[in-house]
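Thank you all for coming; I would like to walk through one structure this morning, going from its sheet to its cores and then to its pockets. Please have a look at the sequence and the model before I begin.

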Amino acid sequence: MKKTLLALLLGSLITGNAAAQAPSAQTEVVWLGQSAFKITSPGGKVIVTDPWLRLNPMTPAPYKQLEKFGKIDVLLVTHAHFDHFADAPALALMYDTPIRAPGGLNQSAMTLGVLPAKLLPRINKGGTIEAAPGIKITAVRAEHSSELVWRNPATEKDETHVGGEAIGWIIELENGFRIYHAGDTAVFGDMRWIGERYKPDLALVPIGGHFTMDPVDAAWAVTELIKPRHVIPMHYGTNPLAKGTAKEFSDAMVKSPVKVQIAAPGQALSFP
Ligand SMILES: [Zn+2]
C-alpha cells in the first residue's frame with residue numbers, strides 16, 4: 001500500500017500531474033473461460049465481459065460464486081447467446097451495474113421484464129461512452145447473430161426474441177491502454193479499420209471455429225487486419241463443435257509479430 005502511494009507521488013512529481021497513474025500501473029486480465037474476462041484497470045476499475053460463469057465448464061470455481069467479484073464497474077455483453085449473456089442479469093442486479101450490450105438485446109430484456117430499465121441502457125455500433133470514470137467503451141461491428149432465448153415463467157417454455165446485432169467492444173482504460181474484445185465473429189474486412197482507428201494494445205479473439213473464426217482465420221485476422229501488440233485467444237474448449245485449440249492458434253501465429261498470450265482460466269496476466 002505504502003509503495004503504491006510513493007509511486008503515485010513520484011509519478012505526479014515527474015509529470016506534474018496530480019491525476020497521473022503510478023508508473024508501475026498495470027492492466028490485469030483474467031480469463032474466466034469462453035469469452036468471459038475480468039479486467040482490472042490501472043485505476044482499479046473492474047470490467048467483466050460476457051459473463052457465462054456458473055455453468056461454464058472452464059470457469060474456475062471461485063468465479064462461479066458471483067458475490068466474490070466484490071464490485072463490477074463495467075459489465076459488457078457482446079450478444080444475446082447464452083454462453084455470453086447467462087449470468088449478466090444476476091451480476092447487474094447484485095452490483096447495481098447496468099448491462100452494456102447491443103441496444104436491441106437490452107430493449108428485448110426490458111420489455112420481457114428481465115431487469116429494471118435503469119440496468120438496461122441502450123447503445124449501438126459507433127457509440128462511445130464513459131461507462132465508469134476514466135473507462136471509455138465503444139461498440140463496434142461483429143459478424144455474428146444475437147437471438148435471445150428466454151424462458152417464459154408463465155408457460156415454462158423457451159421463446160426466441162430479437163437480441164439486436166452482435167457487437168465487439170473497444171475498451172479504453174485510464175492510461176490509454178486499449179483492448180479489443182471481438183465477441184463472437186467471423187473474419188470481416190472492417191477489422192482492418194478497427195485496427196487502424198483504435199490501435200488496440202490487446203485483442204481478445206475467438207478461435208473455436210464452427211460458430212466463429214477458427215485458429216487459422218483468427219491468426220490471419222490478427223496478423224493482417226487488427227495488428228494489436230498482444231492477443232489472447234478465447235471461445236474454445238467448451239463446445240464439441242468448436243474444435244479449435246490454443247496450440248493450433250499459437251502454431252498459426254509463429255511468424256506473426258503479435259505476441260500471443262495463452263491464458264489459463266483464472267490466471268492473471270499483466271500488461272504494462
Ligand atoms: Zn454467439
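Before I describe the sheet, let me say that two strands count as paired if DSSP finds at least two bridges between them. What we are looking at is a predicted model, and with that in mind, one open sheet has 6 strands in the order β5-β4-β3-β2-β1-β15, with mixed pairing. At its edges are β5, residues 99-100, and β15, residues 268-271, each of which pairs on one side only. Inside that order, strand β2, residues 37-40, runs antiparallel to strand β3, residues 46-49, and 4 bridges join the two; if you want one pair to find on the screen, Thr40 has Val46 in β3 as its bridge partner.

Val46 also brings us to Asp73, which touches Gly44, Lys45, Val46, Thr97, Ala131 and Ala132 when residues up to four places away in sequence are not counted. Asp73 sits in the loop between α2, residues 61-64, and β4, residues 74-76. Is Asp73 buried, partly exposed or exposed? Its relative accessibility is 24%, and because buried means under 20% and exposed means over 50%, Asp73 counts as partly exposed.

Let me turn to the interior. The largest nonpolar core has 50 residues, and those that touch the most other members are Ile171, Tyr180, Val205 and Ile232. Helix α7, residues 215-226, gives the most to this core, with 6 residues. Apart from this core lies another, of 26 residues, which includes Phe69, Ala80, Phe85 and Ala101. To come back to Tyr180, its contacts, leaving aside neighbours within four places in sequence, include Val140, Trp169, Phe188, Met191, Leu204 and Ile226, and Arg141 is also among them.

Next come the pockets. The largest pocket has a volume of about 280 Å³, and of the 13 residues that line it, Phe82, Phe85, Leu148, Val149 and Trp150 lie nearest its centre. Two elements, α3 (82-85) and β8 (148-152), give two or more residues to this lining, and β8 gives the most, with 4 residues. By type, the lining of this largest pocket divides into 9 nonpolar, 1 polar and 3 charged residues.

The second largest pocket has a volume of about 160 Å³, and its lining divides into 2 nonpolar, 6 polar and 2 charged residues. Among the residues that line this second pocket are Trp52, His81, Asp83, His144, Asp184, Phe211 and His235.

I would like to finish with strand β8, since we have just met it in the largest pocket. In a regular strand, side chains alternate between the two faces of the sheet. In β8, the covered face carries Leu148, Trp150 and Asn152, whereas Val149 and Arg151 are on the uncovered one. Which strand does β8 pair with in the antiparallel sense over 5 bridges? The partner is strand β9, residues 157-161, and within that pairing Arg151 stands opposite Asp158. The two strands form a hairpin with 4 residues between them, and in the turn Glu156 has a positive phi of about 65°.

Notes:
Residues numbered from 1 in each chain as written. Predicted model: local features only at pLDDT ≥ 70, side-chain atom pairs only at ≥ 80, totals over all residues. Heavy atoms only, no water. Core = buried A, V, L, I, M, F, W, Y, C linked by side-chain atoms within 4.5 Å. Buried < 20%, exposed > 50% of the residue type's maximum accessible area, 1.4 Å probe, protein only. Contact = heavy atoms within 4.5 Å. 1 Å grid on protein atoms, 1.4 Å probe; cavity = no way out; pocket = protein on both sides within 12 Å on 5 of 7 lines; lining within 4 Å. Points joined across faces, edges and corners; volume = space filled by probe spheres on them. Nonpolar A, V, L, I, M, F, W, Y, C, P; charged D, E, K, R; others polar.
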